[in-house]
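Please find below a colleague's note on the model shown here. The points concern aromatic contacts first and a surface feature last.

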Amino acid sequence: MAAEPVFDRSGMAAEPVFDAVCVGAHPDDVEIGMGATIAKLTSAGKSVCIVDLTNGEPTPFGTPELRAQESAAAAKLLGVTDRYTLSQANRELFDTAEARTELAEALRQTRPRLLFVPYPEDTHPDHIAAARIALGARFYSKFTKTSMRGEPFYPPRVFHYMAIHMRAVVVPSFVVECAEGLSAKIDSVSAYESQFVANPANAGFIDRVRDTARYWGQMAGVDAGEPFFAPETVALRSFEDVL
């Protein structure tokens, strides 16, 4: 679980192609937003990579070393073997050409079929910036005639997951039924002891994560679910896809 940029220094596109790459501003964002869906994907044999734009520090009870250990443990609980931390700064995350390029180089190597990025509206500035960086990097990753490492690639599908601080009622494009992955999600979030156990300000957070999954499941008529938002029109091959 190397905490180094994912791009291949040789500049050549590397294998394997991932079924999904999930981008977060900080370690724990992806787990909170779509951990159960990731567990469902990996249980089905799909390859998933997590890319954290920052290491998430400083926080009141964390250190860079501790957060790296926690994020590696959380990924393992979800069945994810590839996780990388880029070089952007926590609390100072901005949508810059440099940030887009660093993530675009990662996308040119991982070449995901599905790209999952943060919800674009929030009270946390880093989350807003992460959404913009990710969408910009998706576009940058297809550039030719560039000094960017790797071969051009454009992730064909992008979806937003929700892990926000903002108190808001939103209507998702769809909800993924993921009751079978809920236990792994809760375990992965709980792996961040420095954030959700040591910090008294976050008391009860794990219970809220579980309750939120059950809420979205109830809204969709299933036991547990996670909401996703499609910025582009999604076509169904058949109504069998939703039956």
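1. Phe 229 is buried, with a relative accessible area of 8%. The model is a predicted one, and this residue is a useful place to begin the reading of its aromatic contacts.

2. Nine aromatic pairs are found in a search of the whole structure. In one of these, Tyr 119 and Phe 229 meet in a tilted arrangement, with 4.7 Å centre to centre and 55° between the planes. The two residues come from distant parts of the chain, 110 residues apart: Tyr 119 is in the loop between β4 (114–118) and α4 (125–140), while Phe 229 belongs to strand β7. Tyr 119 is buried as well, at a relative accessible area of 11%.

3. The ring centres of Phe 174 and Phe 228 lie 5.7 Å apart with the planes at 20°, so this pair is stacked. Because Phe 174 is in strand β6 (residues 174–177) and Phe 228 in strand β7, the pair ties together parts 54 residues apart in sequence. Phe 228 is buried, with a relative accessible area of 1%, whereas Phe 174 is partly exposed at 30%.

4. Phe 174 and Phe 228 also belong to one aromatic cluster, together with Phe 116 and Phe 159.

5. A charge over a ring should be noted too: Lys 142 lies over the face of Tyr 154, 4.9 Å from the ring centre.

6. On the surface, Leu 236, Phe 239, Val 242 and Leu 243 form a nonpolar patch whose accessible area is about 510 Å² together. Val 242 is located in the segment after β7 (225–229). Its relative accessibility is 56%, and Val 242 therefore counts as exposed, the cut-off being over 50%.

Definitions and conventions
Residues numbered from 1 in each chain as written. Predicted model: local features only at pLDDT ≥ 70, side-chain atom pairs only at ≥ 80, totals over all residues. Heavy atoms only, no water. Patch = residues over 30% accessible without salt bridge, like charges linked within 9 Å, V, L, I, M, F, W, Y side chains within 5 Å. Areas by Shrake-Rupley, 256 points an atom, 1.4 Å probe, with all protein chains shown as cover. Salt bridge = Lys/Arg side-chain N within 4 Å of Asp/Glu carboxyl O. Helix = DSSP H or I, 4+ residues; strand = E, 2+ residues; numbered from the N terminus. Buried < 20%, exposed > 50% of the residue type's maximum accessible area, 1.4 Å probe, protein only. Phe/Tyr/Trp six-rings, centres within 6.5 Å; stacked < 30°, edge-to-face > 60°. Lys NZ or Arg CZ within 6 Å of the ring centre and 35° of its normal.
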